[in-house]
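Thanks for making time this morning; I would like to walk through a few points of backbone geometry, and I will put the structure up before saying anything about it.

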Amino acid sequence: MAAGPFCYRGLMPEGNPFEDALRFERRVPPCAIVIFGANGDLTRRKLIPALYRLAFERRLPPGYVIYGNSRTPMSDEQFRERMKQSVRQFLEDSPFDEQLWDEFGRSLYYLPGDLQDDAFYCTLEERLAAHQTGAAGNILFYLSTQPSHYELVASGLGAAGMAHGKGWRRLVVEKPFGYDLASAKTLNAHLQAVFPEKEIYRIDHYLGKETVQNVLAFRFANGIFEPLWNRRYVNHVQITAAESISVEGRGAYYQSSGALRDMIQNHLLQVVATVAMEPVADFEPGAVRDERAKLLRSIRILKEEEVPLHSVAGQYGAGRVGGKELPGFRQEPGVDPDAQTDTYTAITFFIDNWRWAGVPFYIRTGKRLPKRVTDIAIQFNNAPLAIFERDNPGHDHTAGPNLLVLRIQPEEGISLRFLSKNPGGGMRLRPVSMDFKYGTSFGARTPSAYETLLVDAMAGDATLYTRQDMVEASWAVVQPILDYRASQRFDFPNYEAGAWGPKESDRMLARRGHSWRIP
């Protein structure tokens, strides 16, 4: 059994550590964590480094244990060594500490087994029962497997009686939550046959990012912006999630997914819901998720004839970036040379409610774009009268003022852009910005999304997790687009690697007098 909070020199603050408000702001009860798919990339790159960092911050509960499972034969010691190398490689913004690892590593265990074998779940139950935080207490089951195994694992846990016990039993499910609306409903029904909905935590790491969470604080804790957060003052909203990388060896997976399923159905629609939701009377999980769900149900479902007007599919071809020749998507390993997969998607969403009626929300995401950036840009209406036109002939008033940008990555922060007078004679105007950056303003490390979400799951806080109705509402929004694209054959590729997507994406905005901003 693992030791409790770490108490060696250099980590323990002076005085009573349990009076450290910052480190112990969220109490986590004793529990065991079981990771299915522990030999996969997500566990190596994100989960174990996040848990290690939580151990460093002393935010894991006393007596915790972490069990990993996959089909690969491995001893506890081999698993610990493999995870140690992963933490060394993927730990961000923190030094690796051998003494801390000695404590943390003793909490790691490994149990190989076939998820289709009923005996495996019985063995897992026996192993957990050897720890006081195991079968007799609280267990967090984390599904980091292929999506096709989600129902299998849930059934196995249910058949072994592990879905219920003296303590809580929670199931964390990684995306994708289904492949379309029908499969999402089937998956939800299957999971809920074993675990109650309140114990199913559908994880979307975008909701764990500090800037996405800060949208709520920015809107609802400040009196200056929320009164402007509506159709009377907002002209349109742009949300960009751009990646400069290719599919990075995941061509076979990505070919069956694409940008619409991979990014918009889950991540970006959750961002839309966070930006556009109504205020809550009380900041508690049920109320916040109710408002997000209500917003998602308010997004207009496109008719078949509207889909080509309000959505654009793209696929990158070969290009030259920084003097280097880059292959197109169809030349990536494991990809069909005639693939119709979208590596870029742009959509105009409309929210049919009292606050947002008539305001377009432009969403775009893609691979092999010029830079890696994710941000939310809120464009406010122009001043009603251009009284400085004489000193600014031909000035494009839509290009400079009234822009609020919330940057999610790579550098989290908020920027407000407006017009100001240029020094000198006359009333020459130029755009200027007021900037807030997390790193410089707080001088503290920002926790990773997985750190935040793992603590929330252990603490039973589902605020940042998606609920069944939210998942199905977001699938309902994109289903007509999926159906339309399945009936079409696109002339791909239609943008070069290193470009900002296909020209039709620009034309989609131009039809409403708008243009994409360059992040």
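Before I place anything in a loop, let me say that helices, H or I runs of at least four residues, and strands, E runs of at least two, are DSSP runs numbered from the N terminus. Please also keep in mind that what you see is a predicted model.

With that in hand, let me begin with the cis peptide bonds. One of them joins Lys175 and Pro176, where omega is about 5 degrees, and Pro176 sits in the loop that runs between strand 5 (169-174) and helix 6 (181-192). Another cis bond leads from Gln409 to Pro410, with omega near 5 degrees, and here the proline, Pro410, belongs to the loop between strand 15 (403-409) and strand 16 (413-421).

Now to positive phi values. Arg58, a residue other than glycine, has a positive phi near 55 degrees, and its place is the loop between helix 1 (41-56) and strand 2 (65-69). Is Arg58 buried or exposed? Its relative accessibility is 3%, so Arg58 counts as buried, the cut-off for that class being under 20% relative accessible area.

Arg368 likewise is not a glycine and has a positive phi, near 55 degrees, and I would point you to the loop between strand 13 (360-366) and strand 14 (373-380), where Arg368 is found. Which class does Arg368 fall into, buried or exposed? Arg368 has a relative accessible area of 14% and is therefore buried.

Conventions:
Residues numbered from 1 in each chain as written. Predicted model: local features only at pLDDT ≥ 70, side-chain atom pairs only at ≥ 80, totals over all residues. Heavy atoms only, no water. Buried < 20%, exposed > 50% of the residue type's maximum accessible area, 1.4 Å probe, protein only.
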